[in-house]
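Subject: Structure handover

Dear colleague,

I am handing over the structure we talked about, and the file is placed just below. Please have it open while you read the notes after it.

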Amino acid sequence: MADDYLVRIGKLIRDARQHRGWTQTQLADALGTSQSAVNRIERGNQNISLEMIARIGEALDSEIVSLGYSGPMHLRVVGGRRLSGAIDVKTSKNACVALLCATLLNKGRTVLRKVARIEEVYRLLEVLSSIGVRTRWVNDGKDLEIVPPAELDMAAMDADAARRTRSIIMFLGPLLHRMDRFKLPYAGGCDLGTRTIEPHMIALRRFGLDITATEGIYHAEVERSTGPDRPIVLTERGDTVTENALLAAARHDGTTVIRNASSNYMVQDLCFFLEALGVKVEGVGTTTLTVHGVPEIDVDVDYSPSEDPVEAMSLLAAAVVTESELTIRRVPIEFLEIELAVLEEMGLDHDRSAEYQADNGRTRLVDLTVRPSKLEAPIDKIHPMPFPGLNIDNVPFFAAIAATAQGQTLIHDWVYDNRAIYLTDLNRLGGRLQLLDPHRVLVEGPTRWRAAEMMCPPALRPAVVVLLAMMAAEGTSVLRNVYVINRGYEDLAERLNSVGAQIEIFRDI
């Protein structure tokens, strides 16, 4: 077998094992082999017979390799179908990845409830496992247990997995408390243009962290005698920047004030988790956070991250674009109120239940029912702002919604270099979107969607927007290589099928 074939087989086995919720050791026990052998197989470093592949498939109750299962994943969409019924919002992807990074602060056992089973989480678990952190799915694969070792083996880090996620940047905050020197690969993820880490460094230098970047690696050194002697003012009110500052402040022995902090949903979830670890955080939900750090954290903690407002917006957009009546349950309403206010002005017919608490005891949820509506283009442009403004990640969904509305809508996606460009992929499906510059798109509606075959955009939210338009288009569409969607959504095709969509997953022979 060619080496690249072994690597592909290894990744399929790894994904099937993680979907089952097994560790490498559990699979090894079922096969009567060693954990190190399973590790070599999954990395593509060991020849493997068809008989062994069959045994692994039987053990995992998964067809590892067959005709049509060796290449990238694609979606075949039969559009023009109405959705109906109810669908639950899953836990927040962005909160889950921040909490996984935060477990490095704790010497004790952490259990995270209902963790999103997505590629972004899998990549972080691969990185954590490679440096010695014990991770396993428990409670029938619903929850995730994380137990760190006494010493992390940074030299053994799975660099390939690290480079496939931007979340790796959030290792900087906790790691600066654990070692004087370490290395991290450059962060990867969606293709959204150049993103500088300088805002992170402005905050983390105050804790003694110095970074030198060479040949795709961040070389970090920590000066232990350094700590913030005045408030940290973030130059960018970014989510991951705020999270990194929080993670650094959590084990700083003293009080840290963070100003111009993001108050977005994933930051709030991280604050709630830090409080469960014994770190007092004042000002949660505001732009000034005061963190009373503790030098050592060694507690067994059980935490439930809240639901994902961006997934809720995705499902809402699915209902609007397909002209359906759909109930979306467990919507974190605090983080969708601006979007709903804009949609109400456009004419959205919807109602919501009384509020109730998420499992974290803090986040407010509602059940939202959306009905077919005659939408009018908004008078003002659609543009994001830091929370409590319209969520940056929800802007792309307004491209599909605006395409169903009567009139012209200006969408100004000022945050990312490339994302607005990807929205023009909707033109392949019958949309009328005019790119005015790299950040502004003019959308003309209403649209008569038509089926098409196309490659998935390399950015998560525009990719889902294209999928939603395919669901609205009469006929059969094909969306190729949907890995980027799997980075941020758990079983999205299957869940949409449960409320009336017709989406088939397939692979090339």
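The notes below go through the domains, the cavities, one strand with its partners, and some backbone details.

Please keep in mind throughout that this is a predicted model. The protein is divided into three parts, namely domain 1 (2–60), domain 2 (73–88 + 307–507) and domain 3 (93–303), so that domain 2 is assembled from two separate stretches of the chain. Taken over C-alpha atoms, the centres of domain 1 and domain 2 are separated by 37 Å.

On the cavities, the count comes to three with a volume of 30 Å³ or more. The largest cavity has a volume of about 60 Å³, and its lining is made up of Tyr265, Met266, Gln268, Asp269, Phe272, Ser306, Glu307, Phe335 and Thr363. By class, these lining residues comprise four nonpolar, three polar and two charged ones. Where does the largest cavity lie with respect to domain 2 and domain 3? Both domain 2 (73–88 + 307–507) and domain 3 (93–303) contribute residues to its lining, and therefore the largest cavity lies between them.

The second largest cavity holds about 40 Å³ of space. The residues that line the second largest cavity are Val77, Val78, Gly79, Arg81, Leu83, Thr322, Met471, Ala501, Gln502 and Ile503, and strand β1 (residues 73–79) gives the most to this lining, with three residues. Six residues of the lining of the second largest cavity are nonpolar, three are polar and one is charged.

The next item is strand β10 (residues 255–259), whose covered face carries Thr256 and Ile258, while Thr255, Val257 and Arg259 are on the uncovered face. This pattern can be read against a general rule, which is that in a regular strand the side chains alternate between the two faces of the sheet. Strand β10 is joined to β9 (residues 232–233) by two bridges, and these strands run parallel, with isoleucine 232 standing opposite isoleucine 258 in β10. Between β9 and β10 the chain passes through helix α10 (residues 239–250), and the resulting β-α-β crossover is right-handed. Strand β10 is also joined by five bridges to strand β12 (residues 288–292), in this case with the two running antiparallel, and here valine 257 stands opposite threonine 290 in β12.

Finally, some backbone details may deserve a look, given that most residues other than glycine have a negative phi, and most peptide bonds are trans. Asparagine 260 has a positive phi of about 60° although it is not a glycine; it is found in the loop between β10 and α11 (265–276), and it is partly exposed, with a relative accessible area of 25%. Asparagine 481, also not a glycine, has a positive phi near 60°, and this residue is found in the loop between β22 (475–480) and α17 (483–488), where asparagine 481 is partly exposed at a relative accessible area of 32%.

Which peptide bonds are cis, with omega near 15° in one case and near 0° in another? The bond from phenylalanine 387 to proline 388 is cis with omega near 15°, and proline 388 lies in the loop between β17 (364–371) and α14 (395–404). The bond from glycine 445 to proline 446 is cis with omega near 0°, and proline 446 lies in the loop between β20 (440–445) and β21 (453–455).

With best regards

Notes
Residues are numbered from 1 along each chain as its sequence is written. This is a predicted model: local features need pLDDT of at least 70, side-chain atom pairs count only at pLDDT 80 or more; totals for chains, interfaces and linings use all residues. Side-chain values use heavy atoms; hydrogens and water are left out. Buried means under 20% relative accessible area, exposed over 50%, partly exposed in between (1.4 Å probe, protein chains only). Helices (H or I, at least four residues) and strands (E, at least two) are DSSP runs, numbered from the N terminus. Two strands pair if DSSP finds at least two bridges between them. A crossover is right-handed if, with the strands pointing away from the viewer, the path from the first strand over the helix to the second runs clockwise. On a 1 Å grid over the protein atoms alone, a cavity is a set of points where a 1.4 Å probe fits but cannot get out, and a pocket is an open set with protein on both sides within 12 Å along at least five of seven lines; lining residues have an atom within 4 Å of a point. Grid points are joined across faces, edges and corners, and a volume is the space filled by probe spheres set on the points. Ala, Val, Leu, Ile, Met, Phe, Trp, Tyr, Cys and Pro count as nonpolar, Asp, Glu, Lys and Arg as charged, and the others, Gly among them, as polar.
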